[in-house]
Amino acid sequence: MAKPEDALSAIAQRRTQSLTDIVRKELERMILSGEIRAGERINEQTLATQLGVSRGPIREATRALERAGLVTSVVNHGSFVRAIEADEAAEIYDLRAVLFGFACSRLAAHMSAEQEAVLGDLLAQMDLAVKKSKATLYYQLNLRFHEQVMNFCGHRRLKETYESLLKEMHLVRQRSLMSAASMRESNAEHAALLAAMTAGDVARARQLGEAHAQGGKRRSFAAGT
């Protein structure tokens, strides 16, 4: 039988882990939204005061985000939001293009009417966001469209690999969809891609999926990433 102090220790550890997870999610949000910018030092004391916690959960959350590729640590200098250089960003975009194109080709081979309706609804919402010049909303809907393609394609390992790139992509990607012209171009690509998948055209869906991801790369670099 476990000793009472063992049970209390386990409960305390669970509470700490839960708090660390909450802090990690908030710190991740601050990084991905640009509230804490690339290259900026993560000030543990300031964040602890801001979030009303001790420095321990901040430190653990920072370590978790370092493992996720969002933070880098420098000995004797602290932890910093990772700054992705242009050549590394290009590699991430290229890999993402291959993965997304493959996912689109798989989905084209078996897309259901229900899946088509979900993607079509997101396409319509993105059109509305473009017309209202709501770049942040468009970006969120765009992420959801891509997420649903990955969910629907029916390949677990592909989805996991793709998602492992997403957080790094967020560090460089949002600014590429800020202009109205970029949003219109991006959603026109979504429309053509959805048409190919709906028609069951596997080869064209793969081609357009890769081209769309490469278009994101071009828009991102044109925006100064």
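A residue counts as buried when its relative accessible area is under 20%. By that cut-off Ser79, at 14%, is buried. The model discussed here is predicted. The points below cover its nonpolar core, its salt bridges, and the surroundings of two residues, Ser79 and Lys167.

**Nonpolar core**

- The largest nonpolar core contains 53 residues, and the ones with the most contacts inside it are Ile31, Leu119, Val149 and Met197.
- Helix H4, which covers residues 86-108, contributes the most to this core, giving 9 residues.
- The core lies between domain 1 (16-81) and domain 2 (86-223), because both domains give residues to it.
- Leu119 touches Leu107, Met111, Phe145, Gln148, Val149, Phe152, Leu194 and Met197, when residues up to four places away in sequence are not counted.
- In soluble globular proteins, nonpolar side chains tend to be buried together.

**Salt bridges**

- The whole structure has 17 salt bridges.
- One of them joins Arg59 and Glu44, whose closest N and O atoms are 3.1 Å apart.
- This pair links distant parts of the chain: Arg59 belongs to helix H3 (residues 55-67) and Glu44 to helix H2 (residues 44-51), with their positions 15 residues apart in sequence.
- Arg59 has a relative accessible area of 32%, so Arg59 is partly exposed, whereas Glu44, at 18%, counts as buried.
- Asp21, Arg24, Lys25 and Glu28 are joined into one network by salt bridges that share partners.
- Within helix H1 (residues 4-32), Arg24 and Glu28 are 4 residues apart, which means that about one helical turn separates them.
- Arg24 and Glu28 form a salt bridge, with 3.3 Å between the closest N and O atoms.
- Arg24 is partly exposed at 21% relative accessible area, while Glu28 is buried at 15%.
- A salt bridge also connects the side chains of Glu35 and Arg29, at 3.1 Å from N to O.
- Glu35 is partly exposed, with a relative accessible area of 43%, and Arg29 is partly exposed as well, with 39%.

**Around Ser79**

- Ser79 sits in strand S2, which spans residues 78-81.
- The side chain of Ser79 makes a polar contact of 3.1 Å with the side chain of Ser73.
- Apart from neighbours within four places in sequence, Ser79 is in contact with Glu40, Arg41, Ile42, Thr62, Val71, Thr72 and Ser73.

**Around Lys167**

- Lys167 is found in helix H7, residues 156-173.
- With a relative accessible area of 28%, Lys167 is partly exposed.
- In sequence, Lys167 and Ala68 are 99 residues apart, but their C-alpha atoms are 7.6 Å apart in space.
- Ala68 is also among the contacts of Lys167 once neighbours within four places in sequence are left aside; the others are Glu28, Leu32 and Leu70.
- Glu28 therefore appears twice in this briefing: this buried residue is a contact of Lys167 and a salt-bridge partner of Arg24.

How values were computed: Residues numbered from 1 in each chain as written. Predicted model: local features only at pLDDT ≥ 70, side-chain atom pairs only at ≥ 80, totals over all residues. Heavy atoms only, no water. Core = buried A, V, L, I, M, F, W, Y, C linked by side-chain atoms within 4.5 Å. Buried < 20%, exposed > 50% of the residue type's maximum accessible area, 1.4 Å probe, protein only. Helix = DSSP H or I, 4+ residues; strand = E, 2+ residues; numbered from the N terminus. Domains from an automatic or database assignment. Contact = heavy atoms within 4.5 Å. Salt bridge = Lys/Arg side-chain N within 4 Å of Asp/Glu carboxyl O. Polar contact = N/O pair within 3.5 Å; in protein donor to acceptor, adjacent residues only side chain to side chain.
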